[in-house]
Amino acid sequence: MTDTSTPPSADSSASAVEPAAAESAAPAEEGKKSESVASDGDLFRQSEIAADYVEGLLDILDYDGDIDELVSAGRPMVEVVGGRLQPLVGQRGATLEALQELTRLAIFRATGSPSRLLLDIGGYRAARRKELAAVARNAVEKVKEHGDPVRLEPMSAFERKCVHDVVNAIPGVQSESEGVEPNRRIVVRVAD
């Protein structure tokens, strides 16, 4: 369990500037800082900062949940488990994605470095990963059967990565993303 204090509140002028700064810094610096500089200790510190921030949000919203902080596959993670958490996930994970971005901004504010934090609430991401694996295998079957490319519905970056991972593990097919957020989708086709 982590410290139950709430995170310091941001003044409105700083918070209006920080998201843009974090967005512009993330693509250029994320690869350099997170892969070459971020040690397991740095990543665990990011997960601790995130856990404190999320716990503060839960306190403000009067939600109960146990928070686990960890590092997995080279990225910090925070998992929130408990009852009555569905409103924090939202429809198709939209609220969860927004909370994840806010938490990443809290880490950026505390460390000055962008984060690849993965936030999961109520096991949503694990369950969604299983659903997406089935969607990916179904698309692969259609491509192998008919030979025509299959375009999937628009997905978040997390969802697209889950599908790409499954498709790329199957010989004879490939996947690529097309379109612009929020309508970016995956196309599965026969491998070149």
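This is a short chat about the helices, strands, pocket and cavities of a predicted model.

Me: What does the secondary structure of the chain come to?
Reply: The chain has six helices and six strands. Remember that this is a predicted model.

Me: In what order do the elements run from the N terminus?
Reply: From that end the order is α-α-β-β-α-α-β-α-β-α-β-β.

Me: How much of the chain is buried?
Reply: Of the 192 residues in the chain, 39% are buried.

Me: Strands next. How do β5 and β6 run, parallel or antiparallel?
Reply: Strands β5 (residues 173-178) and β6 (residues 185-190) run antiparallel. Six bridges join them.

Me: Which residue in β6 does E176 stand opposite?
Reply: E176 stands opposite V187.

Me: And what sits between the two strands?
Reply: The hairpin of β5 and β6 has six residues between the strands. In this hairpin G179 takes a positive phi, near 95°.

Me: Changing topic. What is the volume of the largest pocket?
Reply: The volume of the largest pocket is about 810 Å³. Its lining has 30 residues, and the closest to the pocket centre are E97, S156, A157, F158 and E159.

Me: Which elements give two or more residues to that lining?
Reply: They are β2 (75-81), α4 (94-111), α5 (124-146) and α6 (157-168).

Me: Which element gives the largest share?
Reply: That is α6, with seven residues in the lining of the largest pocket.

Me: How do the residues of the pocket lining divide into nonpolar, polar and charged?
Reply: The lining of the largest pocket has 13 charged, twelve nonpolar and five polar residues.

Me: You mentioned F158. What lies over the face of its ring?
Reply: R125 does, at 4.6 Å from the ring centre of F158.

Me: How many aromatic pairs does the structure hold?
Reply: Zero.

Me: OK, cavities. How many are there of 30 Å³ or more?
Reply: The count comes to two cavities. The largest cavity has a volume of about 60 Å³, and the second largest has about 30 Å³.

Me: Which residues line the largest cavity?
Reply: Its lining is V54, L57, L58, L61, L88, L99, L119 and I121.

Me: What classes are those?
Reply: The lining of the largest cavity has eight nonpolar residues, with no polar and no charged ones.

Me: And which element gives the most to it?
Reply: α2 gives the most to the lining of the largest cavity, with four residues. Both α2 (40-61) and β3 (118-121) supply at least two residues each.

Me: What about the second largest cavity, which residues line it?
Reply: The second largest cavity is lined by R92, G93, E97, Y124, R125, R128, S156, F158 and E159. R125 and F158 are among them, and R125 is the residue over the face of the F158 ring. E97, S156, F158 and E159 also appear in this lining, and they are among the residues closest to the centre of the largest pocket.

Me: How does the lining of the second largest cavity split by class?
Reply: It has five charged, two polar and two nonpolar residues.

Me: Last one. Which element gives the most there?
Reply: α5 gives the most to the lining of the second largest cavity, with three residues. α5 and α6 each supply at least two.

Terms used. Residues are numbered from 1 along each chain as its sequence is written. This is a predicted model: local features need pLDDT of at least 70, side-chain atom pairs count only at pLDDT 80 or more; totals for chains, interfaces and linings use all residues. Side-chain values use heavy atoms; hydrogens and water are left out. Rings of Phe, Tyr and Trp (its six-membered ring) pair if their centres lie within 6.5 Å; planes under 30 degrees apart count as stacked, over 60 as edge-to-face and the rest as tilted. A charge sits over a ring if NZ of Lys or CZ of Arg is within 6 Å of the ring centre and within 35 degrees of the ring normal. On a 1 Å grid over the protein atoms alone, a cavity is a set of points where a 1.4 Å probe fits but cannot get out, and a pocket is an open set with protein on both sides within 12 Å along at least five of seven lines; lining residues have an atom within 4 Å of a point. Grid points are joined across faces, edges and corners, and a volume is the space filled by probe spheres set on the points. Ala, Val, Leu, Ile, Met, Phe, Trp, Tyr, Cys and Pro count as nonpolar, Asp, Glu, Lys and Arg as charged, and the others, Gly among them, as polar. Two strands pair if DSSP finds at least two bridges between them. Buried means under 20% relative accessible area, exposed over 50%, partly exposed in between (1.4 Å probe, protein chains only).
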